[in-house]
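Here are a few friendly notes to read alongside the model. They are about charged side chains and where their partners sit.

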Amino acid sequence: MKVLDHIKNSKDKTQFSFEILPPLKGQDIQSTFNNIDPLIEFKPPFIDVTYHREEYVYKELENGLLKKQVVKKRPGTVGICAAIQNKYGVDAIPHILCGGFTKEDTENFLIDLGFLGIDNVMALRGDAVKSETYFTPEKEGHQYANELVSQIKDMNHGIYLEEELLNSSKTNFCIGVSGYPEKHLEAPSMDSDIHFLKKKIKDGANYIVTQMFFDNQKFFKFVDKCRAEGITVPIIPGLKPLATKKQLNLIPHRFNVDLPDNLIMEVVKCKDNNAVREVGVAWCIEQSKELLKYGVPFLHYYSMGKSSNIYQIASKVF
Ligand code: FAD
């Protein structure tokens with residue numbers, strides 16, 4: 001079922017959902033199931049599965065020269081989605097990127113999803129590969145997520161890349177896109193970022209999932225700004241509980257997200273990461289409760305492949 005239908009059927013009740021990462025290459029799928037199993041108690045209508053593009057690693061050869069190798073550390077997004085739908089009867093939402101995909105790759109990826117009965121997809125640009133500063137699309141690929149959204153929308157209308165295809169069937173994807181309550185890292189201003197977010201919606205996206213944030217006021221302001229700009233689609237908040245001291249530096253740097261001072265001070269006082277985890281859980285419970293009162297359609301949690309803290313939060317909120 002599509003995300004929009006899950007929202008319609010919920011009759012304004014906030015629902016629980018979460019995002020997982022495919023396991024590292026070489027690990028089996030059981031570790032993923034072990035993390036999903038306890039969370040099924042909270043009846044998630046859907047589970048997102050991230051997509052991880054290739055990375056470049058440099059291996060030193062015997063002669064001292066470096067050899068560039070392409071590796072994909074977390075393959076398997078589509079397979080995991082199929083397995084989730086099969087095992088739990090819950091909708092799985094694969095993420096799809098502009099990065100690393102030609103338009104032809106995108107089309108074939110979407111054809112696979114259609115055959116598997118997957119009817120939601122989260123359309124993203126992806127980041128620059130680790131060794132590069134700026135995002136570079138494939139030669140025959142998309143530069144921005146709105147172009148990817150247009151391609152998916154075209155397929156929903158039976159328009160494929162090959163114009164001569166006869167009797168082509170229409171895909172039926174509900175399309176999610178990202179939104180940034182604290183602005184995307186590269187955006188020159190919030191207004192510009194919202195302008196392009198509006199373009200993604202105009203080009204066919206059906207709902208927005210936000211980047212993580214730790215101050216609900218930032219989310220409320222973002223929603224107000226979107227609504228003032230005429231963006232009417234559902235906006236789903238993304239939440240991540242802090243779990244390690246290292247994240248105090250990593251999260252603001254990597255995701256362009258501010259951490260509130262009182263949260264920082266509580267984490268600084270912690271003796272170890274077990275204590276940080278407890279602080280992160282308590283903070284996220286408070287955030288969730290306030291967002292629930294505000295009336296968000298979903299509370300969407302970034303589990304990062306570990307579910308015990310998400311379980312603690314969900315059991316206090318749902
Ligand atoms: P876009 O919407 O294309 O925006 C990128 C930047 O370009 C923004 O600054 C925007 O303002 C600007 N812009 C947008 N359109 C235009 C245009 N037409 N012309 C000029 N400027 C424009 N990454 C992964 O690798 N795998 C994942 O599975 C994944 N899942 C994610 C899930 C969520 C909910 C979120 C919030 C992020 C996720 N990301 C993932 C990270 C995401 O790929 C990065 O944040 C990436 O840098 C931007 O992707 P986007 O889709 O937001 O890009």
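1. In this predicted model, K218 is partly exposed, because its relative accessibility of 26% falls between the 20% limit for buried and the 50% limit for exposed. Please find this lysine in helix α7, which covers residues 216-228.

2. One partner of K218 is E182, and the closest N and O atoms of this salt bridge are 3.7 Å apart. E182 sits in the loop between β7 and α6, so the pair ties together parts that are 36 residues apart in sequence. With a relative accessibility of 15%, E182 counts as buried.

3. D258 also forms a salt bridge with K218, with 3.8 Å between the closest N and O atoms. Here the acidic residue lies in the loop between α8 (247-255) and α9 (261-268), so this pair joins parts 40 residues apart in sequence. D258 is partly exposed, at a relative accessible area of 48%.

4. Now turn to E186 and R125, whose side chains meet in a salt bridge with an N to O distance of 2.8 Å. The two are 61 residues apart and link distant parts of the chain: E186 is in the loop between β7 (174-179) and α6 (190-202), while R125 is in the loop between β6 (120-124) and α5 (145-156). How do they differ in exposure: which is buried and which is partly exposed? R125 is the buried one, at 12% relative accessible area, and E186 is partly exposed at 44%.

5. Lastly, E55, K73 and K130 are joined into one network by salt bridges that share partners. The count of salt bridges comes to nine.

Definitions and conventions:
Residues are numbered from 1 along each chain as its sequence is written. This is a predicted model: local features need pLDDT of at least 70, side-chain atom pairs count only at pLDDT 80 or more; totals for chains, interfaces and linings use all residues. Side-chain values use heavy atoms; hydrogens and water are left out. A salt bridge is a side-chain nitrogen of Lys or Arg within 4 Å of a carboxyl oxygen of Asp or Glu. Helices (H or I, at least four residues) and strands (E, at least two) are DSSP runs, numbered from the N terminus. Buried means under 20% relative accessible area, exposed over 50%, partly exposed in between (1.4 Å probe, protein chains only).
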